[in-house]
Amino acid sequence: MCRSACEQGCGRIKMPPENLISVIMGVRYLRPELNTLRRSVDSILAQTYSDFELVICERGSTEQAKALLAGYAMRDSRIRLISGEETGSFSEQLNVCLKESFGAWIARMDDDDFSFPERFEKQIEYLRSHDAAFVGCNVRLVQDGADAGVQCFPETPQARDFLFSMPFIHPALMFRRDVLENVGGYSALPRCERCEDYDLLMRLYEKGYYGANLQEFLFAYSLPHNGISTRNFRDRTNEVRTRWTRFAALGLFPLALPYAIKPWIIWLLPQKMLKRLKEKRAAKSSGKYMR
């Protein structure tokens, strides 16, 4: 059932429940093991803040993953599983979740990450007492199931902080619902594929909104296998186009020029050299990860 703008039988606007957090998760789970997916969902169910719904849009997952998610939905009424077979991108999956959700607060989550128990409690407390449009946190990094360090972010990122790399971890964010709706949710433009997070957050900054990061470790973020990115030339080109468009809208040129084409530069570097650069930068800056 879709969230209606008006109540049946009257013309009054139906306001989202002010205490309800809608957790939106787009899932396309192809791993042979289910432990990572199970750990992700269980971390949401273990939150100290219990007034939430978990809205999952699934498309193209393994039959075992589909069965696991269906089982969760049957056992816990807070979980709603939606078919995403008609969606064509991750952005569209998230927009379906957003449309079908009810809460005044929208939290992101991915199927290979982990939210620490107090994540929701602390993030909603921050948003209720500050003017930020959304809030993230510092994260612990996990790679191939093992601890891989930490990633720390500026407490109140400015527009220029988007130049080198994104100053937030997308699946660790919680938004005000009206803010997401005011910018039309996630862009489904082809150039935003695999950089929908960059596009969304910079559009929010263009509109005068801003985000913050709690200086606590409330999230565990999974890095690619062996630290090697799975992004191909098409993905890098999408990111160049998105960076160029959004940097221009934010008035960051000409300073932004080398940063706009940075994804192409990264793609041209040999993987071994890129891995060494990432390790060197991580050691220098407390684990910041170059995606």
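Student: Where is R108 placed in this structure?

Tutor: In this predicted model, R108 sits in strand β4.

Student: Is R108 buried or exposed, and why?

Tutor: A residue counts as buried when its relative accessible area is under 20%. R108 has a relative accessible area of 0%, so R108 is buried.

Student: What does the side chain of R108 make a polar contact with?

Tutor: Its partner is the side chain of H170, at 3.3 Å. H170 is also among the residues that R108 touches beyond four places in sequence. That list includes I24, M25, F90, L94, R119 and Y186.

Student: Now the interior. Which residues touch the most other members of the largest nonpolar core?

Tutor: That core has 40 residues, and I21, V23, L54, F120, V139 and M174 touch the most other members. Several elements each supply at least two residues of the core, among them β1 (21–27), α1 (35–45), β2 (52–58) and β9 (211–222). Strand β4 (105–108), where R108 is placed, is another element that supplies at least two.

Student: What does V23 touch, not counting residues up to four places away in sequence?

Tutor: V23 touches I44, F52, E53, L54, V55, A107, M109 and F120. Of these, L54 and F120 are also named with V23 among the residues that touch the most other core members.

Student: How many residues are in the other core, which lies apart from this one?

Tutor: The other core has 32 residues, and I24, F134, L163 and A256 are among them. I24 is also one of the residues touched by R108.

Student: How should I read a helix such as α6: how many of its residues are buried?

Tutor: Go through the helix residue by residue and ask which ones are covered. Helix α6 spans residues 196–206, and 10 of its 11 residues are buried. The buried residues include charged-letter entries such as E196, D197, D199 and R203, along with L200, L201 and M202.

Student: What covers the buried residues of α6?

Tutor: The cover includes α3 (90–100), β6, β8 (174–176), α5 (177–182), β9 and α7 (233–249). Just after α6, G208 takes a positive phi of about 95°.

Student: In which helix is P263 found, and why does P263 count as buried?

Tutor: P263 is found in helix α9, residues 262–268. Its relative accessibility is 2%, so P263 counts as buried.

Student: How far apart are P263 and D235 in sequence and in space?

Tutor: Sequence distance and spatial distance are read separately. P263 and D235 are 28 residues apart in sequence and 8.8 Å apart in space, C-alpha to C-alpha. Beyond four places in sequence, P263 touches R236, E239, V240 and R243.

Student: Which residues form the nonpolar patch on the surface?

Tutor: F233, W264, W267 and L268 form the patch, with about 440 Å² of accessible area together. Helix α9 gives the largest share, 3 residues. W264 is found in α9, and its relative accessible area of 34% is why W264 is partly exposed.

Student: What are the totals for the protein: how many helices and strands, and what share of residues count as buried?

Tutor: The protein has 10 helices and 9 strands. Of its 291 residues, 50% count as buried. The accessible surface comes to about 13900 Å², and carbon and sulfur atoms hold 54% of that surface. Among contacts with a separation of 6 or more, 79% join residues 24 or more positions apart.

Methods:
Residues are numbered from 1 along each chain as its sequence is written. This is a predicted model: local features need pLDDT of at least 70, side-chain atom pairs count only at pLDDT 80 or more; totals for chains, interfaces and linings use all residues. Side-chain values use heavy atoms; hydrogens and water are left out. A nonpolar core is a set of buried Ala, Val, Leu, Ile, Met, Phe, Trp, Tyr and Cys residues joined through side-chain atoms within 4.5 Å. Buried means under 20% relative accessible area, exposed over 50%, partly exposed in between (1.4 Å probe, protein chains only). Helices (H or I, at least four residues) and strands (E, at least two) are DSSP runs, numbered from the N terminus. Contact means heavy atoms within 4.5 Å. A polar contact is a pair of N or O atoms within 3.5 Å; within protein, one must be able to donate a hydrogen and the other to accept it, and residues adjacent in sequence count only if both atoms are side-chain atoms. Patches are made of residues with over 30% relative accessible area and no salt bridge: like charges are joined within 9 Å, nonpolar side chains (Val, Leu, Ile, Met, Phe, Trp, Tyr) within 5 Å. Accessible areas come from the Shrake-Rupley method with a 1.4 Å probe; for residues, only the protein chains shown count as cover. A salt bridge is a side-chain nitrogen of Lys or Arg within 4 Å of a carboxyl oxygen of Asp or Glu.
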